[in-house]
Amino acid sequence: MEQDITERLAEYDYVGFWQRVLISLLDFLILAIPAYFLNRWAVSAAEQYHSGIPLWIQWVLLTLFNIFMVVRYGGTPGRLVLRTRIVNERGEYPTVKQAFIRYTFYLINSLLGVIVTAGDGSVSGVDNYYSNWVPLCIALVQIVSLVILIDCLIIVFSRRNRAFHDVMADTYVVKKAALDELK
């Protein structure tokens, strides 16, 4: 039986906290403009059709994009630029299930954000149904955001620089050069 990736990589081959922060900043810079235009379209369509459905479509598209990038390429654009990859214990890119699990906290947080956006009055003409949920969703966003922060800080203290979402999905963030050497 072939050894799993944890037995074949050195400790310094795993991507640490500050490089992950840089990856997140790069992702923001690369994806901010396309996300902005997608959001403008979604808000405009929501107002025009008096429906929250375009906001949900935006959420689904962004979710599918993130999962697709992780499954197909092993990471988001910032991760690819910095030559790091998300892999499973076999050194392969994550499965759809692993990618979905890995992004669970972010998906929940952004899902709550859609409800808040649809119901806080900033999008005119959207059904008042959402406004009933805004106070609860704001509180939940704060809790989930705290969980995400703690999840990210776990990287500093964990072996192989794994966040809780990495442990849940059984994934690792590693330097691409180290993966290339294994092949």
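Which residue takes a positive phi just after helix 6? I looked this up in the predicted model and found Gly121, with a phi of about 90°.

**Entry 1: overall layout**

I began with the fold as a whole. The protein contains nine helices and two strands, and I read their order along the sequence as α-α-α-α-β-α-α-α-α-β-α. The C-alpha trace spans about 60 × 30 × 30 Å along its principal axes. Of the 183 residues, 41% are buried. I then turned to the contacts with a separation of 6 or more, and noted that residues 24 or more positions apart account for 68% of them. The exposed surface comes to about 10,400 Å², and carbon and sulfur atoms supply 67% of that area.

**Entry 2: helix 6**

I returned to helix 6, whose end had prompted the opening query. This helix has 16 residues and reaches 23 Å from its first C-alpha to its last, close to the 22 Å expected at 1.5 Å a residue. I listed its buried residues as Phe105, Leu107, Asn109, Leu112, Val114, Ile115, Val116, Ala118 and Gly119. The cover over these residues includes helix 3, helix 5, helix 7 and helix 8.

**Entry 3: helix 3**

I next examined helix 3, residues 53-73, which has 21 residues. From first C-alpha to last, helix 3 reaches 29 Å, close to the 30 Å expected at 1.5 Å a residue. Which residues of helix 3 are buried? I recorded Pro54, Leu55, Gln58, Thr63, Ile67, Met69 and Val70. I noted for reference that residues three or four places apart point the same way, because an α-helix has 3.6 residues a turn. The buried residues of helix 3 pack against helix 2 (17-49), helix 4 (77-81), strand 1 (84-88), helix 5 (96-102) and helix 6 (104-119). Just after helix 3, Gly74 takes a positive phi of about 80°.

**Entry 4: nonpolar cores**

I then asked which residues touch the most other members of the largest nonpolar core. They are Leu55 and Cys137, in a core of 15 residues. Helix 2, helix 6 and helix 7 (134-157) are the elements that give two or more residues to this core. Helix 6 provides the largest share, six residues. I followed Cys137 further: leaving aside its neighbours within four places in sequence, Cys137 is in contact with Leu112, Ile115 and Val116. Those three residues also appear among the buried residues of helix 6. A second, separate core has nine residues, including Ile86, Ala99, Leu107 and Val173.

**Entry 5: aromatic pairs**

I found seven aromatic pairs in the structure. One of them is Phe17 with Trp18: the ring centres are 4.9 Å apart and the planes stand at 80°, so I entered the pair as edge-to-face. Is each partner buried or exposed? Phe17 is buried, with a relative accessible area of 19%, whereas Trp18 is exposed at 67%. I also noted the pair of Tyr103 and Tyr106, which is tilted, with 6.1 Å centre to centre and 55° between the planes. Tyr103 is buried at 10% relative accessibility, and Tyr106 is partly exposed at 32%.

**Entry 6: charges over rings**

I searched for charged groups placed over aromatic rings. Arg102 lies over the face of Tyr103, at 5.9 Å from the ring centre. Tyr103 therefore has an arginine over its face as well as a ring partner in Tyr106, and is itself buried at 10% relative accessibility. For Tyr172, I recorded the charged end of Arg162 over the ring, 4.1 Å from its centre.

**Entry 7: positive phi outside glycine**

Finally, I looked up residues other than glycine with a positive phi. Arg83 has a phi near 55° and lies in the loop between helix 4 and strand 1. Arg160 has a phi of about 65° and is found in the loop between helix 7 and helix 8 (164-169). Which side of the burial cut-off of 20% does Arg160 fall on? Arg160 counts as buried because its relative accessible area is 15%, under the 20% limit. Arg83, with a relative accessible area of 45%, is partly exposed.

Note on methods: Residues numbered from 1 in each chain as written. Predicted model: local features only at pLDDT ≥ 70, side-chain atom pairs only at ≥ 80, totals over all residues. Heavy atoms only, no water. Helix = DSSP H or I, 4+ residues; strand = E, 2+ residues; numbered from the N terminus. Expected span 1.5 Å × (residues − 1). Buried < 20%, exposed > 50% of the residue type's maximum accessible area, 1.4 Å probe, protein only. Contact = heavy atoms within 4.5 Å. Phe/Tyr/Trp six-rings, centres within 6.5 Å; stacked < 30°, edge-to-face > 60°. Lys NZ or Arg CZ within 6 Å of the ring centre and 35° of its normal. Areas by Shrake-Rupley, 256 points an atom, 1.4 Å probe, with all protein chains shown as cover. Core = buried A, V, L, I, M, F, W, Y, C linked by side-chain atoms within 4.5 Å.
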